[in-house]
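Student: Could you put the model up and talk me through it, starting with how the copies are arranged?
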Protein chains: 4
Amino acid sequence: MGLLGFWNSNADKFDAAEVLQTGLYGIQHRGQQSGGICVNDKGRFIYHKELGLVSEIFDDIVIRHLRGGSAGVAHVGYLTKGEVSRENAQPIVMKYSRGQMALAFDGNLLNMQKLRASFEEKGHFFQSGSPAEIAAAMLSMERVNQHSIEDAQSKVMHEMKGAFSLLVMTPRKLMAVRDTYGVKPLCIGKLAESYVFASESCALDAIGAEFVRDVLPGEIVVASETGCASSRISIKNKSALCVFELVYFARSDSYIDGVSVFRARMDMGAALARESPAPEADIVIGAPDSAIPAALGYALASGIPYTEGLIKNRYIGRTFIQPGQTAREAAVYLKLNPQKSQVSGKSLVLVEDSIVRGTTTKRVINLLKQRGGAREVHVRVGSPMVRFPCYYGIDTRDGESLIANKMKKDEICAMLGADSLEFLSHDGLMSVTRENKCNHCTACFSGNYPISATEGSND
Amino acid sequence: MGLLGFWNSNADKFDAAEVLQTGLYGIQHRGQQSGGICVNDKGRFIYHKELGLVSEIFDDIVIRHLRGGSAGVAHVGYLTKGEVSRENAQPIVMKYSRGQMALAFDGNLLNMQKLRASFEEKGHFFQSGSPAEIAAAMLSMERVNQHSIEDAQSKVMHEMKGAFSLLVMTPRKLMAVRDTYGVKPLCIGKLAESYVFASESCALDAIGAEFVRDVLPGEIVVASETGCASSRISIKNKSALCVFELVYFARSDSYIDGVSVFRARMDMGAALARESPAPEADIVIGAPDSAIPAALGYALASGIPYTEGLIKNRYIGRTFIQPGQTAREAAVYLKLNPQKSQVSGKSLVLVEDSIVRGTTTKRVINLLKQRGGAREVHVRVGSPMVRFPCYYGIDTRDGESLIANKMKKDEICAMLGADSLEFLSHDGLMSVTRENKCNHCTACFSGNYPISATEGSND
Amino acid sequence: MGLLGFWNSNADKFDAAEVLQTGLYGIQHRGQQSGGICVNDKGRFIYHKELGLVSEIFDDIVIRHLRGGSAGVAHVGYLTKGEVSRENAQPIVMKYSRGQMALAFDGNLLNMQKLRASFEEKGHFFQSGSPAEIAAAMLSMERVNQHSIEDAQSKVMHEMKGAFSLLVMTPRKLMAVRDTYGVKPLCIGKLAESYVFASESCALDAIGAEFVRDVLPGEIVVASETGCASSRISIKNKSALCVFELVYFARSDSYIDGVSVFRARMDMGAALARESPAPEADIVIGAPDSAIPAALGYALASGIPYTEGLIKNRYIGRTFIQPGQTAREAAVYLKLNPQKSQVSGKSLVLVEDSIVRGTTTKRVINLLKQRGGAREVHVRVGSPMVRFPCYYGIDTRDGESLIANKMKKDEICAMLGADSLEFLSHDGLMSVTRENKCNHCTACFSGNYPISATEGSND
Amino acid sequence: MGLLGFWNSNADKFDAAEVLQTGLYGIQHRGQQSGGICVNDKGRFIYHKELGLVSEIFDDIVIRHLRGGSAGVAHVGYLTKGEVSRENAQPIVMKYSRGQMALAFDGNLLNMQKLRASFEEKGHFFQSGSPAEIAAAMLSMERVNQHSIEDAQSKVMHEMKGAFSLLVMTPRKLMAVRDTYGVKPLCIGKLAESYVFASESCALDAIGAEFVRDVLPGEIVVASETGCASSRISIKNKSALCVFELVYFARSDSYIDGVSVFRARMDMGAALARESPAPEADIVIGAPDSAIPAALGYALASGIPYTEGLIKNRYIGRTFIQPGQTAREAAVYLKLNPQKSQVSGKSLVLVEDSIVRGTTTKRVINLLKQRGGAREVHVRVGSPMVRFPCYYGIDTRDGESLIANKMKKDEICAMLGADSLEFLSHDGLMSVTRENKCNHCTACFSGNYPISATEGSND
């Protein structure tokens, strides 16, 4: 999911709703099922949230309705099948002991069921029951005893076990929070004298803001009339940014915790080329869009020429984060077409960023061979096998849907219809990220979960 | 506002969503700004609520989505200006300690601010902060300690100080509740073996259900697999149905607490004719639609012929309950046209059901004289002056907007541009309702509030 | 169907699109399936037409798009089942030898098939093939040889065999035409210095315009910068306004050819009471809305008290002119409810304006007896039996669907479930219209078609 | 614009509307302002056309309405500013002397004004006045004298002076026509036993159809129950496919007249590298999406590494063919972002497919330098300067908007803010297309118009 916050210190130049609407296009790739904006219009919170794409949700009429805000929070979300309902759209806007609050959340709380049960036992009720609403309840509850929203957040920080980034708007503040491991990204930008918080730096680019820095793991940053202040809750030995952000999730022009996503993907491709060359191949191609940088890296390192082997229809949506398996499957054939002039009769390296369920890759190979006339397809994957479920908010919570848990590598290769199949080694991946001086959560590849899930998993 | 509930014991014949959709047309007059339906599909609560008219909110796609329910609750609402937001649409659907609950509410809680503050002090938060959400919080809180939803309702009944009717759906029950004074209407119907709860009997007619009886003041009725059971919380010496339901709010073909609304309005008109004849008049007309029965009663009792003096454009909405003063004003001229052939050159009695702010009546008189060529317009009002604000959920909470608090009768008459103006006396009104063996809340006319507002008023 | 035209001589005060939008609400009863507005913005014709109600078609965005016009034509239409397609929406906007033209049409051309065939034989094509498009083709063809649009209309007038009213906008004129028999209504109004043309005077009221006079049969009226000029094509011995306009179609507050529709209906009711009394009856009621005036007339003449026996749901559409039989049937039960307090146990006169197929009346009687508890229902119809199909644009072109062609009066009475049934005699109807000094087309009652259909009928 | 036709010989397997809807996604790049489908349901033509994208226009409800067709034609269009109106959506569906006809058109008629005037002089009128409607009128007119639609087309072929492809559906046939020079593309595919006609082969891929062959210049192909038959009207010495299809307009995975668009673009890039090397550059990038193949070709031929230098936001539309200059300008900044990790500090070759007005390229260079930190940007354009207006249906009819007509190359370079600027020579372009054994219209580059415009130009 994607978060965006704006603290407007340039009321003469900018309008919060317009800035947020524009910026949401820049993080739309992080969630395409829901979107919302809440602005603070002189203490009155006005908001609009809906299912759909940013371009569908926010038209002139809606933006006019939201105009005039001195601050705002916005969100784009993806929803798993059972969650497709307007109530799961964010931000959550609420009235509580200290007035109003609007909250946008990316990630998951591991102890969510336990937390929710403890609230319900006290008589509370929830409308969506989402992690965002649980977080809202925790803050609302704690705030009764705390002077400020940042104090309340400090107090609940350790009970919010999980991986998350969080934006909270109160009548006089805009707070940005990153979990103590920094699993989910969040960064700070500046637009003239105004502050911006965004899940990825590419959203700052979309609105023309300058990148200032990433929010640190465990840091609480607060923008208010007196400027931007920070406190850091806890200092871990190492942070644990989700490596899947680099592999697939983030947009390639973003920088996260100092790392260029594009550069990281190129490096993964290069490392892969060194580990698993494909001397027999004529050309290197990538599955658009996320595997292109790794393919370029592979081509550069291997000396095999890169070309475009597949064209993506620009008028349909994105694969991975559509709700439900069926919708995912139906759209593939219309979405991708092989560049026959490039692949026909060729032996080619198909670089993939990752293989989770294998269904997309299987269809791509089939396309390349049946429709494209490719002679051989050697699949090279820019990341290790995804073997472990993610409890931190990526939609791979069900370990059984992971192809790597059902088959061995050569079985997968056969199932895919590939002529060879290689994954980047964990060491290879580590060498790339280490070079980038950044520690990562690689739980989906390694099973090493930085945040313990023993408190109970979240179904 | 209007409530509707359906307990489907005839799954072979009926579909809850379709029955509720149809029935909502029958109570649309009780609220035109929002609507919603929640159904219980084998324990899963599916719902849709939105701003707008029933015909705008529920199309084939939505109803298909809601199909399959074994029970359901529905709501139509009117929203004052500041409330026009989707979050104020009902029913409220929530997850709490005992699973799911859907709640629809008509009325107001006098101690709402106090209740809300007490919840917020405990850390709770609210999304709309409406009386419906407060009621939901009370039930959610109490339910922790109570075995059944009806036990929980019994416990909180006396803390829910106010005038309300309430429908609550849980996974296995459908509960209907009326406040201890019975200020707001609620009745029980039967459709084959299935149970229906509705704010007014005309909604039962709309779906072809038979009227069984009214829910009694303070009664809790529960439909479940084992049938329909009732418990009565408190027995007051006298009930206090809102007399404004008879005067204006209810649809004239409804029966409330044994009284035909149409008959009551005719009787008011007849009593008015006896109290305040208009011997000089040629014809009697009524302001459509709600004053027609009183006009017929006036004509019959006075012997002056009744005719239609005004035609209402059927393609635009209703006056009183549009949000905000401006919208109310703009629509009048397009909405009503005098029947020139009937009123031109005539001296006429214009029967009104009530005068609250006087703005509509003023325009009607102007229409009749300027456009219609009426020689004289003698206004006769089928109810006393509205002098006291209503705290029980009618949109006259602001005493200062009441014309009767700003001017004397002759000043009002002059302001309206009428040739004479008479109101039904309080005794006259009482004689009508007494005859109907029913006690009423007449606070807006008399200032006698059956339910004390001393605990704090609701801004 | 309904026509509206506006020639704006007060650009400082009015906007053509806004005036037309408002006025369309006033003729919405003449057609609820389609609507359209075309304005002349300094020679550029801008338009919007769509299926649906005026309130659905024209929102702020559309009206803003249409703003700035110095003249405009508008239309509301009803479409028979096979015609429900956007291409049948009017006005027709076209480019031809003299620039642009927008045309709105109410009625039918008897020789349409012949005309269309003759055009097609010359290689022309049509997009809807409607009478409006045929009329457009005739004008377009003739205009090649004629200096002015009114000259072209004069020339084709006698070839346009049929019953119609017509509005044509050219870059510098607005022309209003009524067929030589004046079967379809059309009147002229003035709003400040601006001219309005409308199918019915009630549309003038809706926009606050003054009624000037009716367009005469065969008259061509042209508004332009130099004012409003008229020429009359042919003088018939007698005009032939469709009597069904008075009986049912027109809104009761309209005046057509000097006759108050309301007064005419009252007179029909009174004549009916004299011809067919019902001494046994307790009360008189009318089927809302169109039969109310006749019921009032019947009550007055008979001395039997009038009351409201049925209430119509204001949130659903109108019966007669919905497309297709099925939609007509389904909506009846939800739409009407008996006033049980008025009809229960009573013997009542149910006044109907007309009986065409009998289906609606049958259901109304069933409602009154089964649901309302009426003891006896004596049906009195304010017009003769509809025995002959209408070729002039009313949706009764199929003689076989007319109940009067399938059964005798007592069979109809039995089929309806009525206790007695009487129709106004043709003489009775004539006496009413004669009194109003107006000749009428009564073909549907009498079979006397003023305009010959021998040239070929219109399937 | 894009055309699609389907003749369904496999009613058990396919539905015409569904096939056409899918296929339209494959030609959406040829027109994003309007779309339409008309199907032949047992002789009844049902259609839907609207402004917007395919995904906006065709939802489940619309497709259900269109279901059941045994044949169909579909269209996507782009509309210049003054044309944005539903009436300009295609196909044109009409009734004429031989029943019904639906027509979809891509291109322009040079003698359109003269043709339209000649029709209007005979009294015809037009609703849009577009080339498509003129073509429809020509066929309608000619068909009066001709036995078959293909005979009529043969007769009018030489009067249809211009560049066009055309699909015409009659009750029993589906006809595909390409102008005598073959300026506009059109190809034939087969899906099981069914026939498909499409503007580009990539639309065949989208629906899984096999490419059969291109329609030949001047060829008329007719699908009917008896199969697929062809007649060729005229044999020119050389065909003249619009070279801009290869340069920019077509999708890179299409094959047109035997040429792979991707391969042609790569070859242009390679020729450009040979003509205008950039030895100083570190990397080669292309402006997405259309210049990527040329950039790959340039990189390969020059030995300078290719990378992605710009990322395109996938949630917004396409530049060139948006209506109006303003909309074009506003969207650029949000749409493209530099890949800072790739371009920062680098000297780069930016390959463009073409430069028409220069506004987009200027902004891209600014982006790369200001935001991306590129040190130098050397622009290399894969086609010659666009110096001559296109009268054949590409939106460059106004010669004055062409940057190459306002400035010299070095002035353009300065205006763009580029460090150097080179265009592919006309000879270079010719060498590429010659190699592909295909003659082209290069009028926009060379001023050599294969089809004379002397008959009068089309404003």
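Tutor: Of the residues of chain A, Arg314(A) comes closest to the rotation axis, with its C-alpha at 3.4 Å. This is a predicted model, in which local features need pLDDT of at least 70 and side-chain atom pairs count only at pLDDT 80 or more, while totals for chains, interfaces and linings use all residues. Residues are numbered from 1 along each chain as its sequence is written, chains are lettered from A in the order in which they are written, and side-chain values use heavy atoms, without hydrogens and water.

Student: What turn and shift lay chain A on chain D?
Tutor: A turn of 180 degrees with a shift of 0.0 Å along the axis does it, at an RMSD of 0.1 Å, superposing by least squares on the C-alpha atoms of residues with pLDDT of at least 70 in both copies. The two copies are thus related as by a two-fold rotation axis.

Student: And which surface does each copy use?
Tutor: The same surface serves both, since 100% of the contact residues of chain A recur in chain D, where contact means heavy atoms within 4.5 Å.

Student: Switching topic, how much of chain A is buried?
Tutor: Buried residues are 65% of its 459 residues, buried meaning under 20% relative accessible area with a 1.4 Å probe, protein chains only.

Student: What about its dimensions?
Tutor: Along its principal axes, the C-alpha trace of chain A spans about 70 × 45 × 40 Å.

Student: And how much of its contacts is long-separation?
Tutor: Among contacts in chain A with a separation of 6 or more, 68% come from residues 24 or more positions apart.

Methods. Buried < 20%, exposed > 50% of the residue type's maximum accessible area, 1.4 Å probe, protein only.
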